[in-house]
Amino acid sequence: MAAAGAARGGAAGATSPAVAELCRNPPETFLEASKLLLTYADNILRNPNDEKYRSIRIGNTAFSTRLLPVRGAVECLFEMGFEEGETHLIFPKKASVEQLQKIRDLIAIERSSRLDGSNKSHKEELSQQSAASTQLPTTQSSNPNGLTPHARNSHGQPSNPASAPMVIADSVILQVLRSNMQHVLVYENLALQEKALACIPVQELKRRSQEKLSRARKLDKGTNISDEDFLLLELLHWFKEEFFQWVNDILCSKCGGHTKSRGEALFPNDDELKWGANRVEDHYCDACQFSNRFPRYNNPEKLLETRRGRCGEWANCFTLCCRALGFEARYVWDYTDHVWTEVYSPSQQRWLHCDACEDVCDKPLLYEIGWGKKLCYVIAFSKDEVVDVTWRYSCKHEEVISRRTEIKEEVLRETINGLNKQRQISVSENRRKELLQRIIVELVEFISPKTPKPGELGGRISGSVAWRVARGEMGLERKETMFIPSENEKISKQLHLCYNIVKDCYVRVSNNNQSISGWENGVWKMESMFRKVETDWNMIKLFAPIMIFLVPLKLFWKQN
């Protein structure tokens with residue numbers, strides 16, 4: 001019975017990429033997510049005409065905490081037939097109930113198999129095999145020439161269906177190590193760096209960084225922050241605001257209308273394969289019934305031309321730009337489906353987290369604390385080394401350790417050490433000593449988990465004043481604001497103040513509609529408060545495709 005259940009799970013993966021991806025989660029994660037997915041599906045099947053069961057609010061606590069962070073879970077909903085709306089996932093009336101039933105049954109079979117303990121004997125067998133041999137799997141990467149942003153991009157098929165979950169998981173991480181270690185060498189191509197430099201307004205970025213550095217040094221004369229650190233911040237901001245574009249659904253190349261991804265992959269043509277696009281999305285236009293191709297290019301040279309994509313394309317191209325400007329940079333891969341960059345700061349003698357998608361720097365706890373991600377493996381790749389940097393991005397080390405079940409720790413450690421030894425054969429003795437010293441500093445950092453304050457998004461609460469100012473964590477020469485009632489306000493015994501988050505201004509209604517520009521100019525005291533403008537989410541459609549919000553920790557107004 002156990003073997004039959006495992007075989008059914010293998011068959012499920014073969015007919016549904018989303019269910020196969022869902023099956024790769026740790027057992028407890030799979031069981032919790034699959035239970036909720038089955039609830040959503042069964043509600044529709046039992047009540048097909050009840051509208052309330054055909055939509056899922058994206059902000060719903062159960063959805064955002066139990067499905068959204070789980071690999072393959074949302075993809076399962078899309079395969080069932082759900083479509084993405086502005087605030088909800090919708091199961092439209094035109095959607096196929098038979099397709100929903102099909103995906104629902106695949107999940108139910110796998111869930112039943114696991115609850116019956118059908119995989120227990122196979123996991124024990126695999127554990128024994130792994131202990132007996134630490135040889136790398138021979139499964140070929142589906143993307144030998146480029147980055148592997150997530151496990152879903154691997155199509156290696158194990159020979160034994162019963163042992164599929166563990167074999168696939170192990171081979172994915174080891175494939176990532178090998179393929180990414182090779183790919184980061186692309187960033188060292190001098191001709192490619194020249195192409196990147198031609199796209200970057202270097203002199204303008206240097207001018208902006210010098211201005212901000214000058215202001216910061218007035219506040220903190222003893223700062224050890226260099227102009228390179230400030231140039232990095234300007235590069236981040238320019239890349240997000242002026243250079244690269246986030247893609248959800250592309251515009252139709254035929255009529256210019258909006259399209260929707262059909263969740264299906266198209267076969268890449270020769271030109272797409274040439275630029276590393278092993279996956280091509282199908283975006284369909286309902287207006288003109290035209291199928292649009294969206295190749296997920298993996299070659300940073302091509303990305304300098306297209307200037308669009310999702311986190312994989314963003315991190316890939318931004319890391320190249322960093323190397324082109326002379327920064328030592330790492331490409332960072334997160335097993336839970338995100339990628340970003342790290343840049344070494346000689347003045348601060350440490351690696352700085354840089355996420356071009358978010359325009360944030362040195363906020364390593366952003367993902368675990370701010371996004372609620374359940375991290376397990378975070379690995380950094382550069383021309384010189386591979387480093388397991390998971391511990392920089394977590395303040396919940398014990399929880400992370402409990403989730404690191406996809407590969408034996410000694411196998412991961414020995415594989416990384418072997419890759420580094422091979423890569424550093426031609427490195428000079430002085431450079432090898434420098435790398436060793438940096439690793440020692442990193443290990444000391446990793447030993448002690450960070451302890452963010454409640455509500456903190458992961459930015460540092462220590463560090464020089466100049467560095468915190470540069471990253472927008474403190475106001476430049478900001479004064480405390482106190483509202484003193486006017487004579488009219490005293491007579492009416494009313495002080496009426498409104499804040500417009502879109503226009504970023506206050507209106508003092510009770511004092512002849514006096515306008516005060518800038519939210520920070522109307523507060524008495526604040527801590528870790530910033531105004532964030534997102535141009536990628538297409539949330540406010542009435543005037544412009546932007547989303548603006550405040551992220552508070554402490555905020556005070558004061559009336560005298």
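**Helices, a sheet and a salt bridge**

Okay, let's start with a handedness: α11 and α14 cross in the right-handed sense. Just so everyone knows, this is a predicted model.

So what does that crossing look like? Helix α11 is residues 227-243 and helix α14 is residues 311-324, and their axes come within 11 Å, crossing at roughly 135 degrees. That angle is why we call α11 oblique to α14.

Now, which residues touch? On the α11 side you've got L232, L235, L236, F239, K240 and F243, and across from them, in α14, there's W314, C317, F318, C321 and C322. Sort the contact residues of that pair by type and you get ten nonpolar, no polar and one charged.

Stay with α14 for a second, since there's a sheet to talk about too. The helix α14 lies across β9 (329-334), β10 (338-345) and β11, and runs at about 15 degrees to β10.

Those strands belong to an open sheet of six, and if you read across, the order goes β12-β11-β10-β9-β13-β14, with antiparallel pairing. The edges are β12, at 360-361, and β14, at 386-388, each of which pairs on one side only.

Let's zoom in on one of those edges. β12 pairs with β11, residues 350-355, in the antiparallel sense, and there are two bridges between them. If you want a spot to click on, D355 sits opposite V360 in β12.

Next up, a hairpin. Strand β6 is residues 280-285, strand β7 is residues 290-295, and the two run antiparallel with six bridges joining them. For one example of the register, take E281: its bridge partner in β7 is F294. Four residues lie between the strands of this hairpin, and Q289 there is worth a look, with a positive phi near 55 degrees.

Last topic, charges. In general, side chains of opposite charge can pair when their charged atoms come close. How many salt bridges are in here? With a cut-off of 4 Å between the side-chain nitrogen and the carboxyl oxygen, the count comes to 43 salt bridges.

I'll show you one of them: R66 with E32, where the closest N and O atoms are 3.6 Å apart. R66 is in helix α4, residues 61-66, while E32 is in helix α3, residues 27-46, so this pair ties together parts that are 34 residues apart in sequence.

That's what I've got. If you open just one view afterwards, make it α14, with α11 crossing it at roughly 135 degrees and β9, β10 and β11 lying under its path.

Note on methods. Residues numbered from 1 in each chain as written. Predicted model: local features only at pLDDT ≥ 70, side-chain atom pairs only at ≥ 80, totals over all residues. Heavy atoms only, no water. Axes fitted to C-alpha atoms, helices over the stretch in contact; angles between N-to-C directions. Parallel < 35°, antiparallel > 145°, perpendicular 65-115°, else oblique. Left-handed = near helix turned anticlockwise from the far one by under 90°. Contact = heavy atoms within 4.5 Å. Nonpolar A, V, L, I, M, F, W, Y, C, P; charged D, E, K, R; others polar. Pairing = 2+ DSSP bridges.
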